[in-house]
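Trainee: Please take one helix pair in this model and look at it closely. Then place it in its surroundings, as far as the contacts allow.

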Amino acid sequence: MNADRIYTARRPLLVEALTALALIAVPFVLPFFDAAPNTVNRILVWGLFGIGFDILFGYTGLLSFGQSALYGTGGFVAAYLLTRAGFPHVITALVIGMVAAAVVGYLVGLVALRRTGIYFAMITIAIAEVFFFVEFNPLSEWTGGENGLPGVPTPSLDLGFAQLKFTTGWALYPFLAACYFIGIVIALRVVRSPVGAVLRAIRENPLRAAAVGHDIHGYKLTAFVIAAAYAGFAGGLLGVMQAFMPPDAFMFETSGQLVMQTAIGGRGTLFGPLVGASVWLFLQDFLQSTLNLGATWKLVLGLVFVVLVCFLRQGIIGGLRDLYGLVRGKRRAEAPVVPTVPTPRAASGTSMPAHELPNGHTGPVLLATNLTKHYGGLAANEDIDFRVDAGEVRGIIGPNGAGKTTFFKMLTCEVPPTAGKIVFKGRDITGKSVTDVCQLGLTKSYQVNQLFNRLTVRENVAIAALAALRGKFRLDLLRGLSRVEGLEERVEQTLALVNLTQRRDTPVAELAYGEKRRLEIGLALASSPSLLLLDEPLAGMSPRERVETVELLKSIGKGRTMIVIDHDIDSLFELAERVTVLQEGRVLVEGTPDEIKRNAAVQEAYLGGVNGVH
Amino acid sequence: MDRKVSFLPRRRVLSAGLGLAGGLALPAYVRQALAADDNGHPPIGTWPEGVKGKEVFIGVAVPRTGTYAEQGEDELKGWQLAVEHINSGNELIRKISPKTKKGVQGKELKLVVADSAAKPNDAVQAEQRFITENKVILMTGSTSSAVAVAMNKLAQREKVLYVTGISGSNDTTGKDCVRYGFRQNFYGETAANAIGPVLLKAYGKGKKMAFMTPDYTYGHTVTKSTSEYLKEHGGWQMVTNQVSPLGATDYSSYLTNIANSGAEVLLNVNWGRDAVLSTQQAKQFGVIPKMKLVIPYQIPFLAKNIGAELAEGVYAATDFWWTLEDKYPLAKTFVDAFRKKYGYYPEWGAENAYMSFAMWADAVENAGTFYPPDVIKSYEAGRKLQSMVGEVYFRKEDHQLVRPVVIVRGKAPKAMRNKEDFWEVTEIVPGAGLMQKPDAFGCKLGEYT
Amino acid sequence: MITWANFGSQLFNGLALGALLALIASGLTIIYGTLGVLNLAHGAMFMLGGYAGYLAWQSSGSFLLGVAAGTLALGVLGIVMERLVIRYFYARPHEDQLLVTFGLAIVFVELVRWYFSSDSKTVQAPALLQGITNMGFMFYPTYRLAVVGICAVALLVLFLVLYRTRLGMIVRAGIEDSVMVDSLGINIDRVFMVVFGIGAMAAGFAGFINAPIVSLAPEIGEQILVQTFVVVVIGGVGSFPGAVLGGLIAGEIISLTSMVNPGYAYVMLFAAMTLVLMIRPRGLLGAKGRE
């Protein structure tokens, strides 16, 4: 349940078992603390509401202030069926409400997810307000307007041999506890599935997640729909619990309360919302009735919230976990901080074959014609013709401002060309998306590290490998990560290729710079690309690191097609068979390293005119 | 690291959890069945648990924050005074509930109070807590009809009696009526039927009217009842109905529309703070006194907040006004007692609160027990009670008190005898003729048990 | 009803609404533009300015003193807030910034509720500006007319500060590229602090100016906040002219929609915002790439 770990703990069902035990123990233990059953029931409903929200916010990083819209939708659909429409089965009505909320969530997600970060949050706020208004006004025939829908019945279960009637207070608790338990079990599976891993990648670095081949929009939408489903079911439970479905469910304050509870309890933990709700509701009761503070309880809560956001990023659960870690001391054997000198291994090109060329395509792997990019009046690239054959290692050099990075960006389709065409393995990829291009076998390692910072080395590579093994979008929500065929193998092979096997369980933040660069390359390698682009792989490295990295690249380059940009001309000339020189957006000259060294035009481009040729 | 996932434990855990959880339900039922009987009745709601001791609790969910906070605090004072009087066997209480000696059935009354902020959800949450923790034997509280309706349903489900606070919507004893709920005050239909003839007499026929309506069913009901009466009996024409959200602060766009509508009479159905703001801004936009202002459903403290100048000549329909002390001796006793304790003349919210408790005490004493179905039947017996506005009785078909509606008109500032003498009572209209037929609004009372 | 007379009146009314929104929004937009922080406490600060001014006005009887108090108190609060809290969040993800300002908003509202109670407080407009003005095509409260003028002057002052002073130039540069400004040797920390202070002052000033119109209550900040978002989004994030334009447009949307169906006035605002976010996310006058 720790959002930063993709691979599950050593004891797989511990969390589920503990949850079940705790839920069963509650009605026996809590009455000793004067806990009212209705408060406990409410906590469970908020907790369930929050599970979905935590998947959306804690795991995927999407802060939505609009969950109330879906909570209300599910709740009112279920309540309407059970009251006005006279539908007999409570549980079925709840499920229908959930489905309705999921559908609405899908439609809302299509609109809201077009934007990210703050704009996304703002759209969700607007949506929450609109839904509230619609419930109140145009649809008040169905929703009862300000009155809400009273008279929602409680569920009963006919087991054949016995009839279980769940009414109120402790009698309703088992039903709610069962719903919560099921909700947690499902959520845990989702979070431990490949989809869960991708969601976390999106939270850490959406740009890279897309670049390694995942359809991030599809996954975001999935998370949104999951959150909507949980919200809808919880909304229905609210109506059942109170015998009445209130319009407050749609209020923006409901969304706000959910966000605060999740942050207080701990985001990205699945149980955070439950803890947060406990804190909120118990504080509310305690401060209001016992201390007789009246309306001031909210001030105390607000202060607690601000303090937690400032100092305990992962809320109460995170704080407890840190405390636990502190008390137990670090047990993990640390790998040495200074990495041992890596011994370049022989290329294992056979075990990690490049993508199969379609129809046994012969001819150039990459053919770019007339490639041009203008930014307003500035011509970053002008009329570039470029060709790379299979198995080549090509270098690209050029003075600053020559347009090298822009060129790469066009090749990976991060940036659409103003004119020109790119053909990759015989297929026109001009105007495609980064994700599709990666899936076709073209990847890049970035000049500035684009890693998944809170994940470990192994998890980083796994994300890339998952895209290669599963395609750009797969809804394998309930499959365990360990059941993905070939994942372990591929991850180990990639780690071996970039010499990070010893550091596999280290979080990225603890890596040395050189190791991070290797991981950066590893991410691009994990999908076994047919064409690997490397944007300044040697940037910021010490001379010794350069030597090592060049050896590494040589071993990687065996049997692969690579294009490398770098400023370190000596190292590049060692590595590449052919070199292209760019200047001011155009191709200046192309040839072997020796030819380039002796070329007068190149010297002039770099040094602004030189006399005396070597 | 081998990661073999075994299925069995998971399924076992699931089923064990469910099984045990189901088993948990049993103790609750068993407990209930074994509870002591009283008079041979099985336990129901919070009875007889809640009346075992020397005290009985009453749960109050009232707005202490938000748009209706001022009115809520006033209501609360009424309940508190009533509890004080009942516990001490005060003379005033015994005039209304002759069988009362001290307390109710000898038990002392205690209030537990929570802030509802006029939100149905918060009110229900609080009262549910009161039921479980304090075993309240009676619930009250509402200033918004949304709360009253929600509380009606809660009362019926939990089998705990509920008397409304202020509730003006037709629905509370209309389509949302319940066996366990009772309403004391006047409402949209009776207000409209009472104030209609007065307006026609004062302003004549064929006028153009504009409405300001708060956007929820209380507002829509009152606007509908009032406009229909005036249209049908006086040929008045509604030229505009400006609907604003509850809690709106800026009425400029609505008032601009009204200013350009050609209306001659402005009927403001807004309530609480909304009424104060909208009326003040109406003056700022020149809408009043160009148009005549009418308040079809009066708000406690309105006149104090908008000032006597704005209130002058304004017609309003209300439940009670303190100058009725000149006409009804019980009113005088009440007003004196309230003033002595709180230092100001009571508004109709406080009076409503006091009366509802007094009548409940009467119902219980006449039933001789707290057993809810008997208390309900005691209410439904149609006993005539003495109140601050004369003789009243409950209608058994919909649990609505049959009582007069008071029409008031704002006094000119120089005619005020003291600084709270805002309104002049012009008419007291008997209730029976104002009410709809018992089943006209779709009331279907539920079960007794 | 849709008549020419009403149209004219509503058009004017929208101008009045819009002027106030423009002022508040300009504060929000320069904060977001320069610091990259969306201040969810902006509405609460608007409300606080009203109360701060109320205290001064009540004890002194002077409206001007109230205005000064509201503005300066919020300027100080803004600076303190930035130094004590916001500063530590620049490096943190946007979501954390939203959370902390959201929390602060709640704390501010509850503090006011605790100290002042939930009753609404009325502030009288200065005697000179009370009463009604006959403008020919409609009667308009004199004070609201004055507010249009006051807001226009305040916006002008802001404009002069932003476009005619050295500080303003630095702020505008910071909006475009704060990293660059930093590396030019200008103390970007101080700039951020000043910007937050200015933004807060705009909110506080507007809060007290608006008090005679709608009276003070702890909740007034919430509604204003959402409307301010809409203005900022429509006009373009980080753009001062955008805030002005967006404010006027938003004001007109509210008043003109209410001509047709008053209930839908505020919903139309949200619809407009969503539309802009879908089609042209940088707003009408915003800089590209600010998402």
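Mentor: In this predicted model, the axes of H1(C) and helix H9 of chain C, residues 220-235, cross at roughly 75°. Angles of 65 to 115 degrees count as roughly perpendicular, and H1(C) and H9(C) are therefore roughly perpendicular to each other. The two axes come within 9 Å.

The residues that meet can be listed for each helix. H1(C) contributes C:Leu21, C:Ile24, C:Ala25, C:Leu28 and C:Thr29. On the H9(C) side the residues are C:Ile224, C:Gln227, C:Thr228, C:Val231, C:Val232 and C:Gly235. By class, seven residues of this contact are nonpolar, four are polar and none is charged.

One residue of the crossing turns up again in the core. C:Ile24, one of the H1(C) residues that meet H9(C), is also among the residues that touch the most other members of the largest nonpolar core. That core has 454 residues, and A:Leu48, A:Leu237 and B:Leu266 share this position with C:Ile24. The element that gives the most to the core is H8(C), with 18 residues. In soluble globular proteins, nonpolar side chains tend to be buried together. For A:Leu48, the partners outside its own stretch of sequence, leaving out residues up to four places away, are A:Cys179, A:Tyr180, A:Gly183, A:Tyr230, A:Phe233, A:Ala234 and A:Leu237. A:Leu237 is thus both a partner of A:Leu48 and one of the core residues with the most contacts to other members.

H1(C) also has a part in the contact between chains C and B. That contact takes 26 residues from chain C and 24 residues from chain B. On the chain C side, helix H1 (4-35), strand E2 (139-141), helix H8 (188-214) and helix H10 (240-260) each supply at least two residues. H1(C) has the largest share there, five residues. The side of chain C that touches chain B is made up of 13 nonpolar, eleven polar and two charged residues.

Chain B touches chain A as well, with 35 residues of chain B in contact with 40 residues of chain A. Helix H1 (8-34), strand E2 (108-115), helix H4 (120-134) and helix H5 (145-158) of chain B each give at least two residues to the side that touches chain A. The largest share, eleven residues, is from H1(B). This side of chain B has 17 nonpolar, seven polar and eleven charged residues.

Within chain B, the assignment gives domain 1 (49-186 + 325-398) and domain 2 (189-318). Their centres, taken over C-alpha atoms, are 29 Å apart. Where they meet, 16 residues of domain 1 of chain B are in contact with 18 residues of domain 2 of chain B. Helix H2 (69-88), H5 and helix H14 (348-367) of chain B each supply at least two residues of the domain 1 side, and H2(B) has the largest share with three residues. The domain 1 side has four nonpolar, eight polar and four charged residues.

How values were computed: Residues numbered from 1 in each chain as written. Chains lettered and ligands numbered in written order. Predicted model: local features only at pLDDT ≥ 70, side-chain atom pairs only at ≥ 80, totals over all residues. Contact = placed C-beta atoms within 7 Å. Helix = DSSP H or I, 4+ residues; strand = E, 2+ residues; numbered from the N terminus. Nonpolar A, V, L, I, M, F, W, Y, C, P; charged D, E, K, R; others polar. Core = buried A, V, L, I, M, F, W, Y, C linked by C-beta atoms within 7 Å. Buried ≥ 20, exposed ≤ 12 C-beta atoms within 10 Å, placed from the backbone. Axes fitted to C-alpha atoms, helices over the stretch in contact; angles between N-to-C directions. Parallel < 35°, antiparallel > 145°, perpendicular 65-115°, else oblique. Domains from an automatic or database assignment.
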